[in-house]
Amino acid sequence: MGIAELADAVETREDFARFLHYLAEKSRSHGGKWENSDLASFLEGASGWTQDMDGFFLNIGQPVPKEPSWGLFAKILAAACYYE
Amino acid sequence: MGDYPSAARAAQEALKRDKDDAVAQTVLSLSEGRAASGQGVKGIPSPSVGAQPKEVTAGWNADSILPVKPPVKAGRRSVLVPSIGSDSPRPPMLPASDPGSSPLLPIGAAAGIGLASYGVLRPKQTWSRREDLGGNAVVDPEDDAYWKRHAQAVMASAAIGAAVAFGGPWVLPRIGAGVAAAWRYAAPSFQRVVQSEFGAVHPSGSGNFKNLAPSGRINPFAVRFSQSSISNKLRDAAGNKSAQTVDELAADLVNGKVMPDVVPPVRLVMRDGRLFALDNRRLEAFRRAKMEVPYRMATAEEAELAAKHGKFSTLNDGMSVRIRGE
């Protein structure tokens, strides 16, 4: 299971904690595949996707989340790995 | 009377005095353009005094020792012009064309109207198909350039039509010259229109990429952005943000500090016949530099990973991108 699939499965606080642990491990072993490896660029990617997420949800035919959730936090962090 | 009135008149006077005057006979023959070998000299029937020259329809009078220029048309009259001092035979010349009576006129006019109509209607059809996810018409940020390109294409088409219509016997070279001129002066609009018909690039930067190679270089304006916004900072080989910005890379490309082939190719994915970039910052840098961008088609794994990680966030069908931090 990859980061994106794991983020999709996050529903509870415990799921989110496990996801963060997995993300931390991956951050040390991705071998340069991530678009944003250092903390500053990772956070900037998270900020960019949070602003742009409406387009993502519309393009996949899903409603844009109105309220934050553990699952949405996980999606933001998963997107931050690759968002330019 | 011949073409040398005074000489001919003098020869006629001389012949009246002495009808065997060989010199006068020769002069008269020459002036009438009928001095074939031996004609007009003693022992050979002499030309009748005051005879009119034959009208020559080709550039060469086979009966004459002197080449005769083809008739020069002045209105509907043909005038014979002798070629003086030229002994070398000349090749036959094509008859001058009369544009007003060219049988190609209706064909050319129809071709011109057809091409011009195509130039107008084709982009309109394309335009009407462009809608966003909600079915609303998409506002093209390159609206002005878009219509300017097609206006140029219409003019080029009309020029070709005119060349066909008034080309006469030189219709093919004129069409060639017209196409070459259109290619030179209406570029890139005309090139885009032509290329689009052969499956390379659509004038609107969308659509027909059926002949696209797996890798190579492509017009960056034919590729869409996958993201709604991008950071203005590029990343280095380790994946960290580098000090170089999108604008600086564009400047380095323009001034030759960075060669296009050194830049990693932009990965492209096809979605509904449209080409999207997974590497939006490099695409934007090449757009700003107005240079063809190196590309390769993304692998299925790369495309899937990008989609799962929220890469496709564009809200305007990839027509433009917002730069964060500028």
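Before I show the two helices that I want to dwell on, one term has to be settled: two residues are said to be in contact if their C-beta atoms, placed from the backbone, lie within 7 Å. Please also keep in mind throughout that what we are looking at is a predicted model.

With that in hand, let me begin with helix α7 of chain B, residues 246-255, and with the neighbouring part of the discussion, helix α8 of chain B, residues 280-289. On the α7(B) side, the residues that meet α8(B) are B:Val246, B:Asp247, B:Leu249, B:Ala250, B:Leu253 and B:Val254, and on the α8(B) side they are B:Arg281, B:Glu284, B:Ala285, B:Phe286, B:Arg288 and B:Ala289. Sorted by class, this contact holds eight nonpolar and four charged residues, with no polar ones.

How are two packed helices described in general? By the angle between their axes and by the distance between the axes. For α7(B) and α8(B), the angle is about 45° and the axes lie 8 Å apart. Because angles under 35 degrees count as roughly parallel and those from 65 to 115 as roughly perpendicular, α7(B) is called oblique to α8(B). As for the hand of the crossing of α7(B) and α8(B), it is right-handed.

Let me stay with α8(B) a moment longer, and ask how many of its ten residues are buried. The count is eight, so to speak of this helix as mostly covered is fair; among them are B:Leu283, B:Ala285 and B:Phe286, but also B:Asn280, B:Arg281, B:Arg282 and B:Glu284. Just after the helix, B:Lys290 takes a positive phi of about 55°.

What else does α8(B) touch? It packs on a sheet, where it touches β4, β8 (266-271), β9 (274-277) and β10 of chain B, and its direction makes about 145° with that of β10(B). The sheet itself is open and is formed by five strands of chain B, in the order β3-β10-β8-β9-β4, with mixed pairing. Its edge strands are β3 (215-218) and β4 (224-225), each of which pairs on one side only. If we follow β3(B) inward, we find that four bridges join it to β10(B), residues 293-297, and that these two strands run antiparallel; B:Ser215, for example, has B:Arg296 as its bridge partner in β10(B).

Stepping back to chain B as a whole, we have nine helices and eleven strands, and buried residues make up 31% of its 326 residues. Among contacts in chain B between residues at least 6 apart in sequence, 61% join residues at least 24 apart.

Chain A, by comparison, has four helices and zero strands, and read along the sequence it follows the pattern α-α-α-α. In chain A, buried residues make up 35% of the 84 residues, and among contacts between residues at least 6 apart in sequence, 71% join residues at least 24 apart.

Finally, where do the two chains come together? The contact takes 27 residues from chain A and 23 residues from chain B. On the side of chain A that touches chain B, α3 (39-59) and α4 (70-80) each supply at least two residues, and α3(A) gives the most, with 13 residues. By class, the residues on that side of chain A divide into twelve nonpolar, eight polar and seven charged.

Definitions and conventions:
Residues numbered from 1 in each chain as written. Chains lettered and ligands numbered in written order. Predicted model: local features only at pLDDT ≥ 70, side-chain atom pairs only at ≥ 80, totals over all residues. Nonpolar A, V, L, I, M, F, W, Y, C, P; charged D, E, K, R; others polar. Pairing = 2+ DSSP bridges. Axes fitted to C-alpha atoms, helices over the stretch in contact; angles between N-to-C directions. Buried ≥ 20, exposed ≤ 12 C-beta atoms within 10 Å, placed from the backbone. Parallel < 35°, antiparallel > 145°, perpendicular 65-115°, else oblique. Left-handed = near helix turned anticlockwise from the far one by under 90°.
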